[in-house]
Amino acid sequence: MKFYSTRDRKLRVTFKEALNQGLSSDLGLFMPEYIPLMGADFFSRLPRMSMPEIAFEVGSKYIAEEIPSSILRTISNEAFNFPVGLKQIEERKYVLELFNGPTAAFKDFGARFMSQCFKYFSEADNYQTVVLVATSGDTGGAIANSFFGIEGVDVIILYPSQKVSLLQENQMTTYGKNITALEIDGTFDDCQSMVKSAFVQLETNGKIRLTSANSINIARLIPQSFYYYYAIGHTGNDKKVLSVPSGNFGNITGAVMAWKSGLPVERFIASTNINKAVPDYLMTGLYNPAASVKTIANAMDVGNPSNFERLLEIFDHDWERIISMVSGYWFDDDQIRQHISYEYKKTGYILDPHGAVASLGLDRYLNDNRGSSGIIIETAHPAKFCDIVEPVIHRSLDMPDSLKIFLSGKKKSHFMKPGYRFLEEYLKDRYKL
Ligand SMILES: *Cc1c(COP(=O)(O)O)cnc(C)c1O
């Protein structure tokens, strides 16, 4: 299987190259040259399959030529060694809980699979890999946790000083070893542009392999399809509606890939906060990306979702085709808060602000489609957003143990002024470039 660039179908690379490059050299996103079909036999066994088994079988279709099957099995077991929650909270409504990983958000799935792939390839060729990542808060922690202690891979995280929560900061700055945090005296955009400049300008002279771990990496996208098979397979193995709380649209792209491979899905709901470029597109056919607006579902504050390009690609850039499968709904902060309270009173289930957006989207669809049932994707543990959730439901929440340890801990970061030359100086000095 090769991977092509969304900007140029003729530009094709291996999985390893796509993993290492992140973005294609023409700034397109990598896509598999075809979506492999999963056969009838796979779907008949699905209700009895575990996450690692699904990961192995689906993952093989994409990367069996490059990673031996015994190793892919180990990767699947290591990456998905925590439970996926699946609950029925109303007659026609299920919740897929993706927050049981070490950072209590769904990004653990993609980050852990990707780090295992890096580990395999860097062991195979003895290269010093340097992973650069800019974060507005959550991605940094997921990457730090997944790459911690992996031989041959250094992770350098750039985050905006004083613009992340204490918990988020500790999730990036307390690991040590191969994880370095650069605290940038600027904004997320400063961090992002420093990282981008390094990819374009840094002369590595073959001494290190510089790579990115941001959400557009194909090795984060593929594993984000695995849990959709699990969800459908373990809720009756029949056609359902999937409501995905969306920001950069990587999670929902994983869902659409699973459907393309044969998974029974009635419809996708792209549920967003007021950053609503995609719901607007679905309504009108016109795509108008905008600057991002801050909301209480902040991991979805994306004005110009990068994976939208991939979604268009899967539907051949045909609006009619997209709207035959995907609906979009958006909700403001008041609606999100009210819904957390409403769902808690109605069912006792505690949603986080992101899951609440998905739940609102599903409710709206089910209201008009009485015979349907669906699954909402709960992407973060509600205790991660306790400052928003607790006042709404009038009770306190227990923090998962995996997060509790980050409430304390000794922060270690390098303070840095914004601007690429400061990053360049640091990298040249550290790696003797
Ligand atoms: C990143 C994130 C999202 C959005 O996922 P995308 O793949 O960017 O659409 C939703 N919820 C949470 C909690 C997240 O961290």
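A residue counts as buried when its relative accessible area is under 20%, and this cut-off is applied below to a model that is predicted.

**Exercise 1.** Determine which residues of helix α7 are buried, and which elements they pack against.

*Solution.* Begin with the cut-off of under 20% relative accessible area, which in α7 is met by Leu167, Gln168, Glu169, Asn170, Gln171, Met172 and Thr173. Next, set this against the length of the helix: 7 of the 8 residues of α7 (residues 166-173) are buried, so the helix is largely enclosed by the rest of the structure. Finally, look for the partners of these buried residues, which are α6, β7, β8 and α18 (401-404).

**Exercise 2.** Work out the strand order of the open sheet of 5 strands, and identify its edge strands.

*Solution.* Reading across the sheet gives the order β9-β6-β7-β8-β14, with parallel pairing. The strands that pair on one side only are β9 (209-212) and β14 (414-416), and these are therefore the edges. As for the twist, neighbouring strands are turned by 25 degrees against each other on average, with direction ignored.

**Exercise 3.** Describe how β6 and β7 pair, and then place helices α5 and α6 relative to the sheet.

*Solution.* Strand β6 (residues 129-134) pairs with strand β7 (residues 153-160) in the parallel sense over 6 bridges, and within this region Val131 stands opposite Val155 of β7. Helix α5 (residues 107-125) packs on the sheet, where it touches β6, β7 and β9, and its direction makes about 170 degrees with that of β9. Helix α6 (residues 138-147), in turn, lies across β6, β7 and β8 (179-184) and runs at about 165 degrees to β7.

Terms used: Residues are numbered from 1 along each chain as its sequence is written. This is a predicted model: local features need pLDDT of at least 70, side-chain atom pairs count only at pLDDT 80 or more; totals for chains, interfaces and linings use all residues. Side-chain values use heavy atoms; hydrogens and water are left out. Two strands pair if DSSP finds at least two bridges between them. Helices (H or I, at least four residues) and strands (E, at least two) are DSSP runs, numbered from the N terminus. Axes are lines fitted to C-alpha atoms, for helices over the stretch in contact, and angles run from 0 to 180 degrees between N-to-C directions. Contact means heavy atoms within 4.5 Å. Buried means under 20% relative accessible area, exposed over 50%, partly exposed in between (1.4 Å probe, protein chains only).
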